[in-house]
Amino acid sequence: MFLFDDRCRLRDSLQLEVHDLEVRVLTGIYSEETHLPQPLRISVTVDLDCPEHFAPDTPLSASKNYLDLKHAASTALPEGVQFSLVEGVADHIAQTLLMSDPRVQRVQIRIVKLAISEAGESIGINMVRHRR
């Protein structure tokens with residue numbers, strides 16, 4: 001006999017995505033990188049708590065505006081701040097999204113450093129942060 005434990009109940013979630021934003025950010029540790037913004041390709045995926053149902057007339061407030069993700073990965077990055085590592089850029093994006101909405105449970109950020117690609121390869125990082 002199988003006993004269902006409420007602690008094991010699966011939670012619904014909703015993923016919002018904004019992919020392949022090209023953003024110029026002051027980042028890098030080498031002298032040739034630190035004086036000019038570097039081109040980065042940033043993708044963001046956010047897991048939100050999901051309502052039980054989305055009716056045809058459900059308001060936007062039941063979800064999250066995609067532009068919030070775009071803002072966190074572009075205009076919310078502090079202008080003039082030098083990030084040594086792209087990991088710092090990713091962390092700033094994750095914290096911006098986690099702090100802006102209590103429904104955000106998980107943020108995944110992928111950053112590709114476009115300036116160091118020699119043959120079209122993607123070189124970069126993937127970071128996941130969870131609400132604690």
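Helices, of at least four residues, and strands, of at least two, are taken here as DSSP runs numbered from the N terminus. On this basis the predicted model contains three helices and four strands, which follow one another along the sequence in the pattern β-α-β-α-α-β-β.

In overall dimensions, the C-alpha atoms of the chain occupy a box of roughly 65 × 40 × 30 Å along the principal axes. The radius of gyration is 18 Å, whereas a compact globule of 132 residues would have a value near 14 Å. Of the 132 residues, 32% count as buried, and the chain exposes about 8,700 Å², of which carbon and sulfur atoms supply 53%. Among contacts between residues at least 6 apart in sequence, 64% join residues that are at least 24 apart.

In soluble globular proteins, nonpolar side chains tend to be buried together. In the present model, the largest nonpolar core comprises 28 residues, and those with the most contacts inside it are Ile42, Val44, Ile93, Val107 and Ile111. At least two residues of this core come from each of strand E1 (13–25), strand E2 (38–49), helix H2 (66–72), helix H3 (86–100), strand E3 (104–113) and strand E4 (124–130). Helix H3 gives the most to the core, with seven residues. The surroundings of valine 44 illustrate the packing: when residues up to four places away in sequence are not counted, valine 44 touches Leu16, Glu17, Val18, Leu69, Ala73, Ile93, Leu97, Val107 and Gln108.

Nonpolar side chains also occur on the surface, where Ile29, Tyr30 and Leu85 form a patch with about 330 Å² of accessible area together. Within this patch, leucine 85 lies in the loop between H2 and H3; because its relative accessibility is 47%, leucine 85 counts as partly exposed, the exposed class being reserved for values over 50%.

Charged side chains add a further set of links, and the structure holds six salt bridges. In one of them, the side chains of glutamate 22 and arginine 41 meet at 3.5 Å, N to O. Since glutamate 22 lies in strand E1 and arginine 41 in strand E2, this pair ties together parts that are 19 residues apart in sequence. Glutamate 22 counts as exposed, at 59% relative accessibility, whereas arginine 41 is partly exposed, with a relative accessible area of 25%.

A second pair joins aspartate 47 and arginine 106, whose closest N and O atoms are 3.6 Å apart. Aspartate 47 belongs to strand E2 and arginine 106 to strand E3, so the salt bridge ties together parts that are 59 residues apart in sequence. Both aspartate 47 and arginine 106 are buried, that is, each has under 20% relative accessible area.

A further salt bridge is formed by the side chains of arginine 129 and aspartate 91, at 2.8 Å from N to O. This pair links distant parts of the chain, with arginine 129 in strand E4 and aspartate 91 in helix H3, 38 residues apart. Arginine 129 counts as partly exposed at 27% relative accessibility, and aspartate 91 is likewise classed as partly exposed, at 24%. Finally, Lys64, Asp68, Asp101 and Arg103 are linked in a network of salt bridges.

Definitions and conventions: Residues numbered from 1 in each chain as written. Predicted model: local features only at pLDDT ≥ 70, side-chain atom pairs only at ≥ 80, totals over all residues. Heavy atoms only, no water. Core = buried A, V, L, I, M, F, W, Y, C linked by side-chain atoms within 4.5 Å. Buried < 20%, exposed > 50% of the residue type's maximum accessible area, 1.4 Å probe, protein only. Contact = heavy atoms within 4.5 Å. Patch = residues over 30% accessible without salt bridge, like charges linked within 9 Å, V, L, I, M, F, W, Y side chains within 5 Å. Areas by Shrake-Rupley, 256 points an atom, 1.4 Å probe, with all protein chains shown as cover. Salt bridge = Lys/Arg side-chain N within 4 Å of Asp/Glu carboxyl O. Rg over C-alpha atoms; globule rule 2.2 N^0.38 Å.
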